[in-house]
Amino acid sequence: MKIIIIGCGKVGVALAGQLTQEEHDVVLIDVSAARIQSIAEEIDAIKLVGNGASIAIQTEAGVEKADIMIAVTGSDELNLLCCVIAKKAGDCHTIARVRNPIYYEEIEFIREKLGISMILNPEYAAANEISRILRFPSAIKIDPFAKGRAELVKFKVLPEFKLDGLSVMDIDSKYHCDVLISGVEREDEVVIPDGKYIIRNGDIVSIMAAPRNSMEFFKKIGVQTNPVTSTMIIGGSKIAVYLARQLSSMHIRVKIIERDKKRCDELSELLPETLIINGDGSNRDLLREEGLDQAEAFVTLTSMDEENVFLALFAKEISKAKLVTKINRIAFDEIVNRMDLGSLIHPKFITADSILQHVRAMQNTIGSNVETLYHILDGKAEALEFLIREDSEVTNIPLMKIRLKDNLLIGCINRGGVIRIPRGQDHIQKGDTVIVVTSHKGLSDIRDILKK
């Protein structure tokens, strides 16, 4: 597919990297020549300097023949204008990033009236992910599927769970919970396990299940399943606003520490139920005075990755709080991943996954669609949800008779809102949604699960 990306910030570059890996023809546009020149050479894309809202620049980029135009500049208004121009000039699908909470309240009206295919808000999506985690603080990450009826939950295996030395089959027979162990991260190794794989203490394990069944499993192994009741947030960003509103609706007490006095005044008006503290969130004495040692959750949302990391490390030393750490850049991702900073939130990857899901859905060749997509297992694998629109080589056949690719699992089947963890005799039917976990990148059609 031919895809134009306007805006070469963190999201634009991350998206271009993933789309070029999947062999799409990508054109990158940015008004800054320095930013264009800084893009890594391994991103095999055409790079243009200019205003993406210019008809001349869009024409030079080939908008008339483009399949999708994605606008992710720093300006909501510019992104919307780019989409309107692209729609008129090329009649392609358009995707805009819109971050302002005022616009986001009118999102459906804007999308429908301007004819935009998809509108994304990275901050709102990041807040959603954080609130899911705080509802279940023992989880490192929770990815929902089937409109929330199924989920992929990542957690760390601790000695008190008594899973060390058990195989995947042993765990299934011992606990009799309808869950599927879908992935294991062990040091630098990432595995999609079979039944004989042995679990060890310290492993990061991902399980697929309906929420009720995952809760049952965690209770049986001794994992805390109650949501937090209090949260301290450092930094009064847009994410903090969305998150505080969601947590307040869940009756979770929220405290935000923000160093800018003017921003504190704005937050007080936007968040009447939230306690706003004007102060330096990196001041250890202030954090102690405000009760960090008693907080059940500690979320770092400043604009500096380094500050977020060090604050999380300090909180880990003096409290038992659930840690959530926002990371924007990934220059030192391997080091950061080893630090045990709780749940890491990457807003740009959340956005990129949503756009990739839309791109894959447009690529389907028969009656199947990518409904949901997440990069999982430290980015080395994908979890995808396919909607089965027509019969094909994978339908109405027992799964045990289908020649699946290696390193691929059928995670669950959603049939009429009923979630089932599939066994060998189960089969896929027209109308199902099917969740697939695999280390193979770029699946866009349900038939892609088959071994060639």
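**Notes on a helix pair, some ring pairs and two loop residues**

1. Helices α7 and α10 are oblique to each other, because an angle that is not under 35 degrees (roughly parallel), over 145 (roughly antiparallel) or 65 to 115 (roughly perpendicular) counts as oblique. Their angle is about 45 degrees, and the axes lie 8 Å apart. Axes here are lines fitted to C-alpha atoms, for helices over the stretch in contact, with angles from 0 to 180 degrees between N-to-C directions. Helix α7 covers residues 122-135 and helix α10 residues 238-249; helices (H or I, at least four residues) and strands (E, at least two) are DSSP runs, numbered from the N terminus.

2. Before you read on, please keep in mind that this is a predicted model, where local features need pLDDT of at least 70, side-chain atom pairs count only at pLDDT 80 or more, and totals for chains, interfaces and linings use all residues. Residues are numbered from 1 along each chain as its sequence is written, and side-chain values use heavy atoms, with hydrogens and water left out.

3. Back to the helix pair: the crossing of α7 and α10 is right-handed, meaning that the near helix is turned clockwise from the far one by less than a right angle. Residues in contact (heavy atoms within 4.5 Å) include Y124, I130 and L134 of α7, and I239, Y242 and L247 of α10.

4. Now for the rings, of which the structure holds eight aromatic pairs. Rings of Phe, Tyr and Trp (its six-membered ring) pair if their centres lie within 6.5 Å; planes under 30 degrees apart are stacked, over 60 edge-to-face and the rest tilted. Y124 and Y242 make an edge-to-face pair, at 5.3 Å centre to centre and 85 degrees between the planes. This pair joins helix α7 to helix α10 across 118 residues. Y124 is partly exposed at 31% relative accessibility, whereas Y242 is buried at 7%; buried means under 20% relative accessible area, exposed over 50% and partly exposed in between (1.4 Å probe, protein chains only).

5. F155 and F217 are also edge-to-face, with centres 6.5 Å apart and planes at 65 degrees. F155 sits in strand β8 (residues 150-156) and F217 in helix α9 (residues 211-221), so the pair ties together parts 62 residues apart in sequence. F155 is buried at 2% relative accessibility, and F217 is buried with a relative accessible area of 2%.

6. Finally, a backbone detail: K162, in the loop between β8 and α8 (168-175), has a positive phi near 60 degrees. K162 is exposed at 64%.
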